[in-house]
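Hi there,

I am passing this structure on to you, as promised. Have a look at it first, and then read my notes below.

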Amino acid sequence: MLALELSDVTVRFRLPRDRVRTLKEFAINWLRGRIRFDELEALAQVSCAIHRGESVGVIGRNGAGKSTFLKVIARVLRPTTGTVRVHGTLAPLLELGAGFDPELSGRENIFLNGAILGRSRRDMERRFARIVEFAELEAFIDAPVRTYSSGMVARLGFAVATDVEPDILLVDEVLAVGDLAFQERCLERFHGFRACGTTLVLVSHSLDLVRQLCTRVLWLDGGRLVADGPAAEVISRYRSPSAEEPVQAAS
Amino acid sequence: MGTAIREIIQYRSLLRNLVARDVKIRYRRSALGVAWTMLNPLLMMMVFTLVFAHFLRFSIAHFPIYFLCGFLLWNFFAQATSWSTACFVGYAPLLRKIYLPKAVLVLATVLSGLINLALSLVPLALLMLVEGHSFSIHLMFLPVALLLAAAFALGVSLLLAPLCVLFADIAQIYQVVLVAWMYLTPIFYPLEIVPPEYRVLVTANPMTHFVETFRAPIYSGTLPDTGTLLAAATAAATALVVGWVTFQHYSDRVAYHI
């Protein structure tokens with residue numbers, strides 16, 4: 001059973017060489033035949049199939065396209081060319097507390113965040129107590145979120161986003177926040193998801209974490225999928241200095 | 001289109017949140033709060049009555065009511081569509097990180113405009129009481145008139161919202177267009193005053209028909225005539241289709257530009 005299918009996915013950003021932001025400038029430059037773009041391929045012809053229940057790590061240097069990879073799956077970005085097929089429900093953890101309104105209380109933000117994720121109010125009411133308990137914010141839930149520490153915000157964001165039974169969980173480097181105890185409980189929750197057959201796609205710079213959670217690893221470099229295989233194998237290739245410039249040879 | 005609508009229904013909780021937030025933010029920073037929505041049209045009405053009924057001596061019976069009907073509907077349209085020009089930019093931090101059906105953001109601006117309009121119907125009703133204007137049974141038709149105007153505003157907003165992300169100055173250009181557009185809509189003058197050779201400018205303007213549709217039951221106590229109603233319905237349907245098609249075409253590109 002497939003959970004995710006990406007075929008020939010390319011995400012191309014067009015960066016106007018002269019910054020054209022207005023209709024007036026566009027019209028003037030267009031008349032002069034002077035609209036030029038630099039193109040940046042954040043992802044280039046990436047194809048892969050991820051099966052239900054797999055835990056897949058995505059590694060690579062900064063700017064390799066890891067976050068874009070997740071954004072394309074999460075439908076934040078539509079690929080310029082190629083297709084993405086998602087089979088099942090998706091819980092994106094791209095940035096914790098992205099939709100939080102600092103002026104509103106933690107309680108109100110739980111409902112707001114739930115709404116942003118497309119969940120109904122009744123659904124959130126049912127989950128409310130569990131979310132607050134997991135985030136350990138019982139004492140502060142009616143205080144405005146702007147008074148929270150960044151760790152508290154992250155805990156709340158994580159608790160809201162993961163209090164679902166998703167088929168596919170997308171995680172982008174979100175465990176770097178929070179104290180050790182909380183990180184451990186996050187990991188516990190991930191292991192729980194895995195046991196239930198949830199597909200996990202994890203982007204991280206922490207190779208230890210990837211090794212610990214994932215059986216398969218995708219290595220992205222310059223927007224291209226350089227390697228796709230068993231976690232230990234790909235990680236050791238990624239680490240070995242001889243593999244410093246692996247794509248250039250191929251392309 | 002079916003999936004898009006189903007998705008909007010799934011995100012109804014978000015829609016409710018956005019509308020509530022729009023309304024709350026608008027009134028939070030003012031001492032008079034909601035009262036401003038009611039006072040503002042009344043003040044405008046006083047100024048326009050002074051200028052047009054007394055300085056320029058337009059002979060329109062019950063000028064304040066005539067003006068206020070047109071002005072409230074125009075104000076709804078102008079506000080809702082202006083907000084839509086800013087809505088994607090305003091929610092850019094969110095749109096960069098989380099998927100949501102973007103039509104919900106546009107729908108929210110039109111709905112909060114409608115709430116604003118509903119609130120400002122209160123001073124209109126008060127004015128009618130004070131002036132001894134009769135409340136016709138045809139007021140029952142008002143929801144239809146509002147629905148048509150809202151559909152038109154939604155269509156225009158769906159068209160504007162993504163284009164304003166691609167070209168930042170469309171929002172400014174639109175503000176100029178709105179001023180010209182307002183003067184070509186019979187808000188503070190009757191259609192009959194327009195010389196025949198220019199009348200096509202006003203009758204070809206869809207807002208004329210929405211204003212007339214809205215004004216008939218309140219001001220004249222009649223149903224709008226069939227021609228006006230048909231013109232309004234056609235304009236609303238056309239705007240919705242054009243807006244929706246444009247929106248579907250461009251809204252995916254929005255994330256690349258904000």
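**A bent helix and its surroundings**

In chain A, the buried residues of helix H4 pack against two other helices, H3 (106-116) and H5 (150-162). Please keep in mind throughout that this is a predicted model.

Which residues of H4(A) are buried? They are Met124(A), Ile131(A), Val132(A), Phe134(A) and Ala135(A). As general background, an α-helix has 3.6 residues a turn, so residues three or four places apart point the same way. The helix itself, residues 121-135 of chain A, also has a bend of about 50 degrees, located at Arg127(A).

**Positive phi values**

Right after H4(A) comes Glu136(A), with a positive phi near 55 degrees. Glu136(A) takes this value although it is not a glycine, and its place is the loop between H4 and H5 of chain A. For context, most residues other than glycine have a negative phi.

Is Glu136(A) buried or partly exposed? Its C-beta has 15 neighbours inside 10 Å, and a residue needs 20 or more to be buried and 12 or fewer to be exposed, so Glu136(A) counts as partly exposed.

Arg75(A) is another non-glycine residue with a positive phi, here about 70 degrees. You will find Arg75(A) in the loop of chain A that lies between helix H2 (66-73) and strand S4 (81-86). With 17 other C-beta atoms within 10 Å, Arg75(A) is partly exposed as well.

**A hairpin in chain A**

Strands S8 (residues 216-221) and S9 (residues 224-230) of chain A run antiparallel and are joined by six bridges. If you want a point of reference in the pairing, Val217(A) stands opposite Gly229(A) of S9(A). Two residues lie between the strands of this hairpin, and Gly222(A) has a positive phi there, near 55 degrees.

**Where the chains meet**

How many residues of chain B are in contact with chain A? There are 18 of them, and they touch 23 residues of chain A. On the chain B side, the elements that give two or more residues are helix H2 (12-28) and helix H11 (226-257) of chain B. By residue type, this side of chain B divides into eleven nonpolar, three polar and four charged residues.

Happy browsing, and do write back with any questions.

Best wishes

Technical notes. Residues numbered from 1 in each chain as written. Chains lettered and ligands numbered in written order. Predicted model: local features only at pLDDT ≥ 70, side-chain atom pairs only at ≥ 80, totals over all residues. Bend = angle between axes of the 7 residues up to and from the residue. Helix = DSSP H or I, 4+ residues; strand = E, 2+ residues; numbered from the N terminus. Contact = placed C-beta atoms within 7 Å. Nonpolar A, V, L, I, M, F, W, Y, C, P; charged D, E, K, R; others polar. Pairing = 2+ DSSP bridges.
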